Amino acid sequence: MGGGSDGLGFAIADRLLREGAFVTIFARRAEKISAAADQLADRYGQDRVLGLAADCSVDADLERVTAETLARFGEAVHVLVTNDGGPPIRRISELTDDVWLQAFARHFFYVVRSVRATLPHMTAEGGSILNVVSGVVERPAVGMAAPVAVWSAVIGYAKTLALEVGKHDITVNTLLSGYFDTPLLGRTLDRQPELSKARLGSGLPMGRIGKPREFADVAGALVSPNLRFVTGAVIPVDGGAGIGMGASFDSPPASE
């Protein structure tokens with residue numbers, strides 16, 4: 001589980017642990033991932049949680065995460081969840097080749113390499129691969145060229161992978177996240193003081209932004225053996241943002 005130190009990644013890890021899973025979480029900052037792992041271990045037991053400092057853009061780090069997970073919990077992997085922040089928010093004119101390459105390394109090749117390392121260990125009983133990306137991939141905005149391009153690649157890869165591994169009873173799905181009350185959103189709002197959580201939520205059909213556990217509940221259900229016939233899906237979890245922003249237009253009187 002990448003990005004497991006806080007936000008949606010931490011919430012998904014918590015949900016899977018509640019279901020009885022053994023979970024590895026990782027993130028770049030050693031102190032943050034250690035604190036998150038300790039918090040989960042206090043709730044569910046030290047033997048069921050492994051926290052590692054690793055960079056998802058570094059192939060050797062991903063191989064190490066897989067190796068240490070197998071050493072700790074056994075040779076079978078039932079669930080792989082890929083999740084990690086997002087590419088930089090910049091206008092297209094500001095995106096140099098180096099920025100593009102880093103964005104794809106961190107957010108596309110992270111998925112490819114994680115699958116490559118994990119897939120041989122998916123159990124004979126089947127398994128689930130779940131990718132977490134932003135819903136902006138379906139609702140582009142100025143400054144979002146890198147996120148839209150990279151996550152579109154992830155979605156295309158995931159759909160094709162689903163075709164290849166379905167015969168092994170392995171599902172591959174993608175969740176599109178909307179606005180959730182996470183530290184990542186908080187940092188984004190700090191850079192844009194004209195926005196707020198209340199303002200973002202007021203424009204959604206649900207009238208509010210989401211709670212991380214609400215996203216995690218969907219993720220937990222989707223990787224469950226009970227939903228093993230759902231694969232290749234791209235599912236928004238966004239409070240209805242994908243269907244419209246909730247504006248209301250009253251019809252004029254018939255006399256007009």
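In this predicted model, helix 3 (residues 59-73) and helix 5 (residues 109-118) meet, with their axes coming within 10 Å and crossing at roughly 35 degrees. The crossing of helix 3 and helix 5 is right-handed. On the helix 3 side, the contact is made by D59, L62 and T66, while helix 5 brings in Y110, R113, S114, A117 and T118. Sorted by character, the residues where helix 3 touches helix 5 come out as 3 nonpolar, 3 polar and 2 charged.

A second helix pair turns up earlier in the chain. Helix 1 (residues 7-18) and helix 2 (residues 30-44) have axes that come within 11 Å and cross at roughly 20 degrees. Angles under 35 degrees count as roughly parallel, so helix 1 runs roughly parallel to helix 2. Here, too, there is a handedness to report: the crossing of helix 1 and helix 2 is right-handed. Helix 1 makes the contact through F10, A13, D14, L17 and R18, and helix 2 answers with A36, Q39, L40, R43 and Y44. The residues of this contact between helix 1 and helix 2 split into 6 nonpolar, 1 polar and 3 charged.

Next up is helix 6 (residues 145-165), which has 21 residues. How far apart should its ends be, at 1.5 Å a residue? The expected span is 30 Å, and the end C-alpha atoms are indeed 30 Å apart, so the two values agree.

Plenty of helix 6 is tucked away from the surface: its buried residues are A146, P147, V148, V150, W151, V154, I155, A158, L161, A162 and V165. What covers these buried residues of helix 6? The cover includes two helices, helix 4 (97-107) and helix 5, along with strand 4 (127-134), strand 5 (170-177) and strand 6 (234-237). Helix 5 thus plays two parts, since it also crosses helix 3 and helps cover the buried residues of helix 6.

One residue of helix 6 deserves a look of its own, namely K159. Is K159 buried or exposed? Neither label quite fits, because its relative accessibility is 44%, and that makes K159 partly exposed; buried would mean under 20% and exposed over 50%. Setting aside its neighbours within four places in sequence, K159 is in contact with G232 and V234. As for V111, it sits 48 residues from K159 along the chain, and the C-alpha atoms of the two are separated by 13 Å.

Note on methods: Residues are numbered from 1 along each chain as its sequence is written. This is a predicted model: local features need pLDDT of at least 70, side-chain atom pairs count only at pLDDT 80 or more; totals for chains, interfaces and linings use all residues. Side-chain values use heavy atoms; hydrogens and water are left out. Axes are lines fitted to C-alpha atoms, for helices over the stretch in contact, and angles run from 0 to 180 degrees between N-to-C directions. Helices (H or I, at least four residues) and strands (E, at least two) are DSSP runs, numbered from the N terminus. A crossing is left-handed if the near helix is turned anticlockwise from the far one by less than a right angle, and right-handed if clockwise. Contact means heavy atoms within 4.5 Å. Ala, Val, Leu, Ile, Met, Phe, Trp, Tyr, Cys and Pro count as nonpolar, Asp, Glu, Lys and Arg as charged, and the others, Gly among them, as polar. The expected span of a helix is 1.5 Å times one less than its number of residues. Buried means under 20% relative accessible area, exposed over 50%, partly exposed in between (1.4 Å probe, protein chains only). Angles under 35 degrees count as roughly parallel, over 145 as roughly antiparallel, 65 to 115 as roughly perpendicular and the rest as oblique.
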